[in-house]
Each structure stands twice: as structure tokens, then as C-alpha cells.
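User: I am new to this structure. Please take me through some of its parts, one question at a time.

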Amino acid sequence: MSADQPSPAASPNAQYDVLFDPVKIGPVTTPNRFYQVPHCTGMGHRYPQSEAHLRGVKAEGGWGVVSTQEVEIHPTSDLTPANEGRLWDAQDVPALRLVTEAVHAHGCLAAIQLAHNGLHSANRYTRVAPLAPTGAIVDGDDPVQARMMDKADIAAFRAWHVAAAKRAKDAGFDIIYAYAGHDMTLLHHFLLARHNQRTDEYGGSFQNRLRLFREVIEDTKEAVGDTCAVAVRLAVDELMGPNGMQHDGEARDIIEALAEEPDLWDVNLSNWSNDSQTSRFSEEGFQEKYTSFVKSVTTKPVVGVGRYTSPDTMVRLIKKGQLDLIGAARPSIADPFLPNKIKSGEIETIRECIGCNICVMGDNTSNPMRCTQNPTVAEEWRRGWHPEIIPKLPDPEPVLIVGGGPAGMEAARALSQRGTDVMLAEAGKTWGGRVTAEAALPGLAAWGRVRDTRLWQLQQVPNVELYLESPLTAKDLLEYGTAHIALSTGSTWRRDGTGRANRLPLPFLDAGRVLTPDDLMTQGASAVTSDGPVIIFDDDLFYMGSVLAELLANAGKEVVFVTPAPIVAPWSERTLEQERIQRRLIERNVRIIPLSNIKGMSQETATLGCVYSDKELQVACGNLVLVTSRTPNDQLWHDLNAVQDQWADAGIKTVTRIGDCLAPSLIAMAVYSGHDYARTIEFDVSPGPLREDIIFR
């Protein structure tokens with residue numbers, strides 16, 4: 001190039017170009033380094049169209065590899081009622097082919113995680129005896145024992161895995177997994193000494209326990225390795241110290257022994273609650289210290305996870321030589337278009353995962369997942385929702401949204417995308433509503449991304465007007481005369497004890513010493529007015545009670561945690577947090593009294609009653625924090641209804657409650673409610689979703 005010729009313009013995102021390099025994985029090549037690792041959706045074999053459309057949207061969004069969830073290879077690995085994948089025989093191929101076609105339509109690779117769950121399967125549907133390296137009771141609470149596999153069973157298992165791999169190839173998959181992770185697969189059970197107490201060539205020594213894993217990898221490569229890559233998913237640490245597999249112990253030995261056997265190493269932690277830790281208990285990249293060694297002992301590509309949302313972190317991992325592919329499950333759910341947004345330089349528009357594990361809850365309750373950040377997840381086929389595209393309104397009319405919490409902000413954002421003019425009025429001084437309040441609690445700072453993402457988008461568009469410190473009355477709304485009004489005024493925690501355990505208000509409460517989560521979220525520990533112990537009565541059973549206990553304990557308060565449940569925060573088992581939550585309260589010296597209801601309150605004590613026997617216990621009580629249930633802040637709705645005869649003259653066509661104002665629930669449901677309102681505002685009756693349970697009968 002001559003001196004007088006202009007140099008080519010540098011790419012505005014050249015620092016991220018390395019993320020878009022192709023990577024060769026055995027006989028196939030990825031279009032980039034973004035790899036959606038296997039994760040459950042709560043849909044699987046029961047909802048194949050929904051499953052395929054969800055995966056297809058991720059491929060459209062730029063994920064170079066899109067994987068299924070675990071896919072059962074045989075009736076002896078029946079995970080009913082969980083909605084996982086299924087590949088028992090050829091009848092299951094068409095449903096899985098929907099996935100590969102959806103992924104291939106965007107030039108991406110499709111991966112399938114074949115799984116036999118061993119003693120993790122109770123086989124509730126097939127009713128056959130579970131299989132395990134050694135006879136043992138199954139995981140979970142089923143009163144069922146797995147039988148010890150004999151040599152014929154092992155040979156049969158190898159044949160089942162080969163047959164499933166061939167069916168996966170026939171279904172069009174490019175990458176086929178041998179899955180040994182999360183303490184819930186047969187291959188992992190054979191590797192782990194606590195599960196494998198055999199005395200033959202498949203048990204005892206490390207080499208013997210490794211034998212079946214090696215054989216299955218070899219079998220799979222021989223069966224499909226000509227055109228399909230064979231990947232291994234291995235949990236390299238169980239965070240159990242010497243009682244489990246460790247990254248600097250047998251996990252390293254396994255990878256060194258099999259270093260060049262598979263085409264790809266997919267490495268993570270076990271069990272699932274360690275692998276998918278919430279942001280309350282871990283930071284982005286929390287797995288790195290356990291998985292960073294893998295690249296040093298193999299020449300094969302390595303993919304790892306860590307709830308990565310920062311492209312700068314991703315580049316660091318690649319350039320440092322720690323990973324070849326950036327793995328993601330939850331970040332790919334929160335924003336299926338994350339790769340494309342990095343490529344186009346739209347970093348600010350990424351909906352970053354907040355690490356709340358509401359998505360995990362879907363699989364753990366055997367229903368299609370949901371996401372706090374992405375209200376369209378699992379609705380791609382059912383309702384035709386796309387995470388980035390919303391049709392323009394044919395006849396847009398102005399909308400006034402009262403309340404700047406998660407429902408109101410999402411409704412405003414989506415309506416602006418549909419081309420209508422929106423006014424968003426918030427009575428308070430800050431945006432975000434309950435999101436802002438809860439994000440200030442211990443461990444929940446990442447939840448503020450729900451507010452920040454939407455506020456940034458609202459500030460970029462010309463058709464949204466934002467007003468803080470703008471309380472509105474019914475008279476005000478009549479005077480504005482806006483065609484459509486959405487009330488997103490949130491909810492308030494109850495002070496009267498009404499909840500699950502007590503369906504009527506508690507008449508004995510000393511109102512002067514009763515606090516609610518709202519008090520603590522607005523005033524912090526200074527809301528406590530007494531020197532005595534603070535009793536938290538948690539009848540909500542999710543995160544709020546334990547977070548408030550942590551807040552008060554951190555402030556030096558003596559805290560007593562009382563709950564009708566047998567454990568702290570039982571619903572958090574579904575978000576994989578319960579053990580960590582209860583452990584943290586114990587570490588903070590919080591006294592935990594389970595299986596108890598509030599029966600009375602005197603000047604210095606509270607009376608507790610056993611939920612079974614009603615036997616009473618007196619506990620010293622300064623303040624009582626009631627975490628029971630909430631009431632909608634819907635007075636404005638009632639005020640407007642009282643003057644409904646004036647709506648037409650004022651130009652008001654519809655008034656709609658959304659979010660917690662309609663029905664208090666999860667933040668994810670408030671966001672969903674706001675999005676649904678924006679998607680369906682033009683309909684008198686919202687169109688019903690498609691139903692797979694009847695369409696394919």
C-alpha cells in the first residue's frame with residue numbers, strides 16, 4: 001500500500017474478532033466460539049415444537065453450537081416427570097430432527113447430550129429396575145433401589161449408547177456427547193469411588209473405574225465419528241474436598257488419560273447446584289479456578305462455563321489459552337442474540353443474565369422454563385414471540401403507564417418497539433420499583449440489570465417520555481385522556497400475617513413492633529426499634545425471608561428465623577440455592593426454628609406453635625418481621641372503575657392492570673405481564689397459545 005492510500009478502517013469491535021473465529025471440532029467446524037452447552041428447558045420430548053423453536057432462535061442469535069438438554073438413551077433411564085429429551089428408539093428421531101433442522105437453518109452446529117442417568121433415574125414411567133455400578137438406593141426420595149449391573153448389563157449399556165448415537169446422527173446432529181457429569185449419569189457413577197464399589201475390571205482402581213468411560217468414547221467414535229464430533233462432558237470438581245472428585249486429583253488424571261480421545265472437552269462442576277450457582281453466591285467466571293488446567297493437558301478444543309456475559313472476559317479467556325469456546329446456558333437464555341449483539345457492536349443492548357435461576361426452576365418443576373430478563377423464552381412456538389422482533393401496531397395509539405417497576409418498564413420498552421407513543425410515570429424518585437429495592441439486599445445486586453437494561457433502552461428512543469416523582473390520581477388520568485392506560489403500581493407486603501399458614505389476619509399482633517420486608521428495604525436495619533431479638537416469620541418460603549435474615553445478621557442483630565416449613569426457603573430448592581441459603585444463615589448465627597407457626601405475641605415474647613402438635617414455645621421477641629404475602633397496590637384501579645362512565649368522554653378506551661398490581665408474583669412474571677400487555681394491546685381478547693398436547697394427536 002502506498003503512503004498516500006488511506007488505510008482500511010479499523011473494525012469498531014476488532015477487539016472481539018477472536019470470538020468469531022471458526023473452531024474445528026473433529027470432523028465438523030463451528031462458525032464461531034459461542035457454544036450453548038447442554039441445558040434443560042422443561043420442554044424436551046413432550047413439547048418438541050417448542051423445544052425446536054427455542055433452540056432455533058439461539059442459532060439465529062449467533063450461537064455457533066446449540067445443544068439439547070440431556071437425552072435419555074433407554075427406558076432404564078426414565079426421568080419422568082421431568083421433560084428431558086428422549087431417544088429410546090427410532091420413534092423419537094422425528095422430534096429431535098426438528099431441533100437439528102431449526103439449528104442448521106442458521107448455519108450452526110447441533111449437539112446432543114446422550115445420557116443414561118443410572119441411579120439418578122427412578123423409572124417412574126417404565127417401572128423397570130434402575131441400574132448402577134453398585135446396588136444402591138436411588139437419588140431423590142423414591143423408595144427404590146438400583147440393581148448392580150452385571151457384565152451383560154454393561155455390554156447392553158454400551159450397545160444402547162451406540163444405538164442412540166446412530167439415531168442421533170440420523171436425526172442430523174453434528175456433535176454427540178458422552179456425558180459424565182453432575183453426579184447424575186451412569187458414566188459419572190462408574191468414575192466415582194463412592195458409587196462404584198465393584199471388585200471386577202470395572203471397579204476398584206482408578207484405571208478400572210475409568211474403563212467404561214473409555215470404552216463408550218471409543219464405541220461412539222467408531223459408530224459415528226466419521227461425520228460427527230464426539231464430545232465429553234466431565235465435571236472436574238464436586239466441591240466436596242477429598243470425599244469427591246477434585247480438579248487437582250482424579251479429574252486431572254481422567255483428562256490426562258483420555259486427553260486426545262474425544263474431539264471436545266466440555267468441563268464444569270458437579271453437582272448441578274455447584275455448576276449453576278446463582279449470582280447471590282458466586283461471580284461471573286466462578287468456575288475458572290477449577291477448569292483452567294484442562295487446556296494444558298489436551299490439544300483438543302475445550303469449552304467451559306461461568307455465567308459469562310462480558311465480551312471482554314470472553315476474549316481474555318481465549319487469549320489466555322484457557323478456553324477455545326465460550327460456553328453458556330443461562331446467558332443464552334437471557335439473551336439468545338448475545339453473540340450477534342457483540343458482533344454488531346450493540347453491547348449495551350445485551351440482556352445480561354442476572355443469575356437468579358428462575359430458568360432452572362422450570363426444569364425442576366417439570367414445566368417450560370421462564371426467564372426474568374427474557375419474557376419470550378419458551379414462547380417462541382407457543383405464542384410466536386421472538387426475543388428481538390415485535391410487529392408494529394397497525395394503528396398505534398398513545399399509552400400511559402403508571403408505575404416504573406419491572407412490568408411498567410418492560411411494557412413501555414416493548415410498546416415503543418411497536419411504534420406507539422408511551423408515557424411512563426413513576427411516583428417515586430427512582431426507576432425499577434421492587435427491582436431497585438431488592439437489588440440493594442445482600443447478594444442480589446445483579447438483579448438491578450432488569451432495571452438497567454430497560455432504562456437504557458427507553459432512554460434511546462424518541463417515542464417514550466419518562467417522568468419520575470409523578471404520582472397520578474384518577475382525576476389526573478381523566479384529564480390526560482390517553483387512549484390506553486396500564487397500571488403497574490406494584491404491591492405491598494402485608495402487616496397482618498395473612499399468608500399460607502394463616503389465611504386470616506392475626507389479631508394478637510403488636511403493630512408497633514411488626515415490620516415487613518418493605519420496611520427493611522427502605523430503612524435497612526435501622527427499621528428495628530427494639531434491642532431484643534428480631535424474629536423473621538417466613539411464610540413466603542422463597543428468597544426474601546433469608547435475605548432479610550442475612551441483612552439483619554450482618555448488622556449485628558440477633559435473628560431468629562421461624563418458618564412453617566421443615567427447612568429454610570424450601571422453594572429455593574428449585575433454584576438450586578437451598579443448601580447454600582441455610583448454610584449461610586447458620587454461619588451468621590441465625591437461630592432457625594422450623595415447622596412452627598406464630599400463635600401469639602406479648603410485650604417481650606412471641607408464642608410459636610408446632611405445625612403438627614400445636615405444642616407451644618415461647619421465644620424472646622423485640623421486633624417481628626412478617627414475610628407472608630402481598631396485596632396489590634390497586635386503589636387507582638378501583639378509583640378509575642368508579643368513574644368508568646367518564647372514560648369515553650375523556651378519550652380512554654382501556655385500563656389494564658399489569659404485574660404485581662394485578663397479582664403479586666415473581667419479578668419474572670411481572671416482566672412477562674408487561675411484555676404480554678404490549679404484545680396483545682390491540683386485541684379485545686388475547687389470542688390463545690398453540691397447544692402441543694392436542695395439535696399432534
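User: Which strand pairs with β3 (residues 34-36), and in which sense, parallel or antiparallel?

Analyst: This is a predicted model. Three bridges join β3 to its partner, and the pairing is parallel. Q36 stands opposite A328 there. The partner strand is β14.

User: Which residue of β14 is the bridge partner of G304?

Analyst: Strand β13 (residues 302-304) pairs with β14 in the parallel sense, over two bridges. G304 has its bridge partner in β14. That partner is I326.

User: What is the handedness of the unit made by β13, helix α9 and β14?

Analyst: The unit is of the β-α-β kind. Helix α9 in it covers residues 311-319. The unit is right-handed.

User: Are L325, I326, G327 and A328 of β14 buried or exposed?

Analyst: L325 and G327 point one way from the strand. I326 and A328 point the other way. Residues on both sides have the same status: buried.

User: What is the volume of the largest cavity?

Analyst: The count comes to five cavities of 30 Å³ or more. The largest cavity is lined by 29 residues, with P38, H39, W272, S276 and A329 nearest its centre. Its volume is about 350 Å³.

User: Which helices and strand each supply at least two residues of that lining?

Analyst: The lining of the largest cavity divides into 16 nonpolar, seven polar and six charged residues. One strand contributes at least two residues, β14 (325-328). The helices that do so are α7 (272-275), α10 (330-334) and α12 (358-364).

User: Which residues lie nearest the centre of the second largest cavity?

Analyst: This cavity has a volume of about 140 Å³. Its lining holds 16 residues, divided into 10 nonpolar, four polar and two charged. Nearest the centre are C356, I358, W447, F542 and Y543.

User: How many residues of helix α18 (residues 544-554) are buried?

Analyst: Buried means under 20% relative accessible area. Among the residues of α18 that meet this are M544, L548, E550 and A553. The helix is mostly covered, and of its 11 residues the buried count is 10.

User: Which residue with a positive phi follows α18?

Analyst: The phi of this residue is near 85°. The residue that follows the helix with this positive phi is G556.

User: Why do β7 and β8 each have one side without a neighbour in the sheet?

Analyst: Their sheet is open, with three strands in the order β7-β9-β8 and mixed pairing. β7 (131-132) and β8 (136-137) each have a single partner strand, so one side of each is left without a neighbour. The reason is their place in the sheet: both stand at the edges.

User: Which residue of β9 is the bridge partner of A136?

Analyst: β8 and strand β9 (residues 145-148) pair over two bridges. The sense of that pairing is antiparallel. In β9, the partner of A136 is A146.

User: Why does D639 count as partly exposed?

Analyst: D639 lies in helix α20 (residues 635-642). Partly exposed covers the range between under 20% and over 50%. D639 falls in that class because its relative accessibility is 34%.

User: What is the C-alpha to C-alpha distance between D639 and A474?

Analyst: In sequence, D639 and A474 are 165 residues apart. In space, C-alpha to C-alpha, they are apart by 6.0 Å.

Methods. Residues are numbered from 1 along each chain as its sequence is written. This is a predicted model: local features need pLDDT of at least 70, side-chain atom pairs count only at pLDDT 80 or more; totals for chains, interfaces and linings use all residues. Side-chain values use heavy atoms; hydrogens and water are left out. On a 1 Å grid over the protein atoms alone, a cavity is a set of points where a 1.4 Å probe fits but cannot get out, and a pocket is an open set with protein on both sides within 12 Å along at least five of seven lines; lining residues have an atom within 4 Å of a point. Grid points are joined across faces, edges and corners, and a volume is the space filled by probe spheres set on the points. Helices (H or I, at least four residues) and strands (E, at least two) are DSSP runs, numbered from the N terminus. Ala, Val, Leu, Ile, Met, Phe, Trp, Tyr, Cys and Pro count as nonpolar, Asp, Glu, Lys and Arg as charged, and the others, Gly among them, as polar. Buried means under 20% relative accessible area, exposed over 50%, partly exposed in between (1.4 Å probe, protein chains only). Two strands pair if DSSP finds at least two bridges between them. A crossover is right-handed if, with the strands pointing away from the viewer, the path from the first strand over the helix to the second runs clockwise.
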